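Here are my notes on this one, written so you can follow along with the structure open. Take the points in order and find each residue as it comes up.

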Protein chains: 2
Amino acid sequence: MRVPLSGLPDRVTIYEVGPRDGLQNEKAVVPVDVKAEFVTRLAAAGLRTIETTSFVHPKWVPQLADAEELLGALSREPGIRYPVLVPNERGLDRALAHGVTEIAIFGSATESFARRNLNRTVDESLAMFAPVVERARAEGIWVRGYVSMACGDPWEGDVPIEQVVSVAARMMALGVSQLSLGDTIGVGTPGQVTALIEGLDAAGVTADRLAVHFHDTYGQALANTLAALRAGVTVVDASTGGIGGCPYAESATGNLATEDLVWMLDGLGVETGVDLDALVATSRWMAERLGRPSPSRVVQALSPEPESE
Amino acid sequence: MRVPLSGLPDRVTIYEVGPRDGLQNEKAVVPVDVKAEFVTRLAAAGLRTIETTSFVHPKWVPQLADAEELLGALSREPGIRYPVLVPNERGLDRALAHGVTEIAIFGSATESFARRNLNRTVDESLAMFAPVVERARAEGIWVRGYVSMACGDPWEGDVPIEQVVSVAARMMALGVSQLSLGDTIGVGTPGQVTALIEGLDAAGVTADRLAVHFHDTYGQALANTLAALRAGVTVVDASTGGIGGCPYAESATGNLATEDLVWMLDGLGVETGVDLDALVATSRWMAERLGRPSPSRVVQALSPEPESE
């Protein structure tokens with residue numbers, strides 16, 4: 001049943017992260033033809049922005065070592081954006097050589113995660129990103145910046161909102177077009193999300209420049225999304241089938257499942273352009289290839305039940 | 001991190017349904033001493049209202065056939081309410097004989113479910129409840145009324161809000177103290193929940209008389225809870241560990257998990273009086289007895305991971 005709620009946008013853009021953030025965090029390495037079919041199915045289901053792969057060195061992310069091959073195999077359709085994660089200038093070179101027109105850079109709100117993930121301080125990572133963004137923009141490339149650990153950090157615990165705002169504003173000042181606030185460990189709650197978006201607004205980063213990226217690890221992703229939409233955000237990251245949970249726990253929960261998001265937005269009468277049935281079918285198909293069930297509640301609810309023991 | 005959100009209550013009462021609604025929908029029949037320990041642990045974790053069992057005929061709910069035995073075994077503590085589901089006058093007699101001081105009756109917003117669950121029309125079921133409520137109130141018993149299928153029905157599909165409001169108002173008029181709106185199949189979304197609460201208010205049933213009972217089947221339970229709290233509701237039903245999913249699917253999701261609710265409310269600085277760690281420990285203990293993992297995201301996130309294959 002479609003019943004609108006006051007204070008929400010009419011339309012939300014879903015930024016699909018399954019092929020990159022999802023597959024990067026799966027134990028199974030998926031063949032390149034399956035990846036290409038996955039992206040093609042997502043586009044056919046109505047997703048208009050699909051983060052496709054990453055040019056991070058294969059030593060760090062072997063799951064996406066076939067980035068070049070995938071971009072070659074994929075028939076990119078007009079009207080659809082296929083952003084690619086780029087860690088540094090070398091990555092940018094590779095992306096440009098393959099006709100990429102949208103990139104994403106991946107920063108951290110905390111020193112602990114910057115050191116562990118980027119092997120740099122926050123300052124050093126921003127210095128590394130500066131020429132990437134500058135050159136990309138000079139080439140007419142659209143740039144997204146991720147601010148990870150925006151609601152908490154596994155080593156530091158709580159992350160002060162002012163700290164996230166500060167890093168986010170500095171990344172925006174590099175020339176980033178869109179900033180994605182990532183609750184990488186899924187601990188945030190709706191008041192914190194609202195305060196973060198308000199804090200960014202006060203620092204000059206308005207909600208129309210933001211996206212939110214929630215993980216459902218503690219079940220909070222959709223409630224946080226609702227709070228973000230109320231605070232003016234209209235771009236929401238999600239992963240079809242919720243793929244990209246912890247690679248070591250069967251069906252552990254990481255990214256918000258696109259299907260669970262679409263169910264809520266459909267019910268609220270918020271336009272997304274996405275065909276939920278096609279998406280669920282894609283998740284079931286992908287779950288077979290990953291050899292594990294989808295952690296998406298909607299996919300589970302709409303799939304035939306396993307036989308009773 | 002605790003960050004309040006404007007428009008929410010300072011305090012929420014969690015109405016725990018695990019021992020009744022949860023266990024009634026589990027395949028495994030749990031021994032009475034385990035049930036008694038479960039209820040005792042829930043009270044020790046800070047839950048103050050615990051729906052304990054049901055006097056529905058054992059032919060229909062064999063899982064709770066030991067209702068009398070459980071009430072005898074349980075040492076009921078002062079300050080804690082132990083409501084019991086009562087289907088009819090015979091059930092009320094049994095409840096009164098065992099010193100029960102709070103009861104719940106279980107109605108339906110739809111004809112289809114009334115026929116299938118109660119073998120009666122909606123009118124006939126309300127007529128059956130009338131003397132139960134009247135006699136209970138004469139005995140000083142507190143009465144809760146459930147309105148199930150309040151957001152959708154598996155046979156009828158969408159359930160018009162006016163229809164739910166009408167049944168709910170009629171149940172309230174019987175003399176019920178608190179009305180629990182049940183999204184029994186979990187399909188509702190936040191706009192629908194808000195409209196339903198507003199519709200009830202317009203019909204004279206104010207939010208202070210309401211509770212909400214969400215199922216997480218489609219992942220919507222917490223977002224719907226947030227909407228209900230914004231609309232003035234301060235009583236939320238939940239099942240510790242999320243027990244009570246579909247009895248035939250392993251770890252399928254039914255009731256909102258109390259832990260996932262407490263995580264959100266703790267983060268929002270909304271008081272519940274519940275100790276999350278004690279609750280998670282109780283769910284792990286119960287999961288062992290049920291022989292299946294808890295579907296609660298929080299319980300999964302806070303539990304040690306299984307060994308990598």
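1. A bit of vocabulary before we start: a cavity is a set of grid points where a 1.4 Å probe fits but cannot get out, and its lining residues have an atom within 4 Å of a point. Helices are DSSP runs of at least four residues, numbered from the N terminus. Also keep in mind that this is a predicted model.

2. Let's begin with how the two chains are related. A turn of 180° with a shift of 0.0 Å along the axis lays chain A on chain B, and the RMSD is 0.0 Å. That is why you can call the relation a two-fold axis. To find the axis on screen, go to A:Ala223: within chain A, this residue has the C-alpha nearest the axis, 2.0 Å from it. Both copies use the same surface, as 100% of the contact residues of chain A recur in chain B.

3. Now the interface itself. On one side, 43 residues of chain A are in contact with 44 residues of chain B. The two chains bury about 3,800 Å² between them, and carbon and sulfur atoms account for 60% of that. Which residues of chain A lose the most area to chain B? They are A:Met1, A:Tyr218 and A:Arg297, which together make up 22% of what that side buries.

4. Keep A:Arg297 in view for a moment. Its side chain meets that of B:Asp216 in a salt bridge, at 3.5 Å from N to O. How many salt bridges does the rule find across the interface of chain A and chain B? There are two.

5. Next, the enclosed spaces. The count comes to seven cavities of 30 Å³ or more, and the largest cavity holds about 120 Å³ of space. It has 16 lining residues, and those closest to its centre are A:Asp216, A:Gly219, A:Leu222, B:Asp216 and B:Gly219. So B:Asp216, the salt-bridge partner from point 4, turns up here too.

6. What lines that largest cavity? Helix 9 (221–230) of chain A and helix 9 (221–230) of chain B each supply at least two residues. The largest share, three residues, comes from helix 9 of chain A. Sorted by class, the lining has seven nonpolar, three polar and six charged residues.

7. Last stop: the second largest pocket, with about 240 Å³ of space. Of its 17 lining residues, A:Cys151, A:Asp158, A:Val187, B:Met1 and B:Trp263 are the closest to its centre. Helix 10 (residues 258–267) of chain B gives the most to this lining, with three residues. By class, the lining divides into seven nonpolar, six polar and four charged residues.

Conventions: Residues numbered from 1 in each chain as written. Chains lettered and ligands numbered in written order. Predicted model: local features only at pLDDT ≥ 70, side-chain atom pairs only at ≥ 80, totals over all residues. Heavy atoms only, no water. 1 Å grid on protein atoms, 1.4 Å probe; cavity = no way out; pocket = protein on both sides within 12 Å on 5 of 7 lines; lining within 4 Å. Points joined across faces, edges and corners; volume = space filled by probe spheres on them. Nonpolar A, V, L, I, M, F, W, Y, C, P; charged D, E, K, R; others polar. Least-squares fit on C-alpha atoms with pLDDT ≥ 70 in both. Contact = heavy atoms within 4.5 Å. Buried area = accessible area lost by both parts, 1.4 Å probe. Salt bridge = Lys/Arg side-chain N within 4 Å of Asp/Glu carboxyl O.
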